[in-house]
Amino acid sequence: MNTIFKMYSCFFIFYILEMLSVFDNKNHIFIGHMVGDWNAELVRAAIGVELRASDSQAKCYLDDPNFGRQCACTIVDAAVANGVYVIVDWHAHGLHTEAAVEFFTYMATKYQGVPNVIYEIWNEPSYKDHVNQ
């Protein structure tokens, strides 16, 4: 893999839980298209922890952790199969330590030794007292 920081080749899949309901089981095809036709070298699987991407989205991670793990693994597996990096993004605004530990323990165990997987342990913390919490 070449340098992964080329902006034109970085594709982000926002709020993966909604995306899976839209693309259904075609994620390997979708990511394969991004890699083959758009020369993507990196995808981002943003796990919507407590917020839904839209009113039509049925679930977020906290609603159904098993579904959230399934969604994350679908994108990770597709990225690995296509030979690109994937950022697994815990996309939460609030502090959900227990759920995050459980999620990342599962993911790190499942993908142990897979160099394609990069973990973003917390995106967009929104509370004000970052030092004391």
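User: Let's start with R69: buried or exposed?

Analyst: In this predicted model, R69 is buried, with a relative accessible area of 12%.

User: Which residue does R69 form a salt bridge with?

Analyst: The partner is E102, and the closest N and O atoms are 2.6 Å apart. R69 sits in helix α3 and E102 in helix α4, 33 residues apart, so this pair links distant parts of the chain. Unlike a buried residue, E102 is partly exposed, at a relative accessible area of 33%.

User: How many salt bridges are there by this rule?

Analyst: The count comes to three.

User: OK, what does D89 pair with?

Analyst: D89 forms a salt bridge with R44, with 2.4 Å between the closest N and O atoms. Here D89 belongs to strand β3 and R44 to strand β2, 45 residues apart, another link between distant parts of the chain. Both D89 and R44 are buried.

User: And where does E120 come in?

Analyst: The E120 side chain meets that of R44 in a salt bridge as well, at 3.8 Å from N to O. R44 lies in strand β2 and E120 in strand β4 (residues 117-123), so the pair ties together parts that are 76 residues apart in sequence. R44 has a relative accessible area of 7%, while E120 counts as partly exposed at 23%. Put together, R44, D89 and E120 are linked in a network of salt bridges.

User: Nice. Switching topic: which residues have the most contacts inside the largest nonpolar core?

Analyst: Those are V86, W90, F103 and M107, in a core of 27 residues. Two or more residues each come from α2 (27-38), β2 (42-48), α3 (65-81), β3 (85-91) and α4 (97-110). Helix α3 gives the most, with six residues. As background, nonpolar side chains tend to be buried together in soluble globular proteins.

User: What is F103 in contact with, leaving aside its neighbours within four places in sequence?

Analyst: F103 is in contact with I47, Y61, R69, A72, V88 and W90. You'll recognise R69 there, the residue that pairs with E102.

User: I also had my eye on V84. Where is its place?

Analyst: V84 is in the loop between α3 and β3. Despite the loop position, V84 is buried, with a relative accessible area of 3%. Its C-alpha is 9.4 Å from that of I31, and the two are 53 residues apart in sequence.

User: How many disulfides does the count come to?

Analyst: Zero disulfides by this rule.

User: Why is there no bond for C73?

Analyst: Because the closest cysteine sulfur, in C71, is 9.4 Å from the sulfur of C73, which is too far for a bond. C73 counts as buried, at 7% relative accessibility. C60 is buried too, with a relative accessible area of 3%.

User: Let's zoom out. In what order do the elements run from the N terminus on?

Analyst: The order is β-α-α-β-α-β-α-β, which gives four helices and four strands.

User: And what share of contacts with a separation of 6 or more is between residues 24 or more positions apart?

Analyst: Such pairs account for 77% of those contacts.

User: Last one: what's the accessible surface of the protein?

Analyst: About 7,400 Å², with 56% belonging to carbon and sulfur atoms. As for burial, buried residues make up 41% of the 133 residues in the protein.

How values were computed:
Residues numbered from 1 in each chain as written. Predicted model: local features only at pLDDT ≥ 70, side-chain atom pairs only at ≥ 80, totals over all residues. Heavy atoms only, no water. Core = buried A, V, L, I, M, F, W, Y, C linked by side-chain atoms within 4.5 Å. Buried < 20%, exposed > 50% of the residue type's maximum accessible area, 1.4 Å probe, protein only. Contact = heavy atoms within 4.5 Å. Areas by Shrake-Rupley, 256 points an atom, 1.4 Å probe, with all protein chains shown as cover. Disulfide = S-S within 2.5 Å. Salt bridge = Lys/Arg side-chain N within 4 Å of Asp/Glu carboxyl O.
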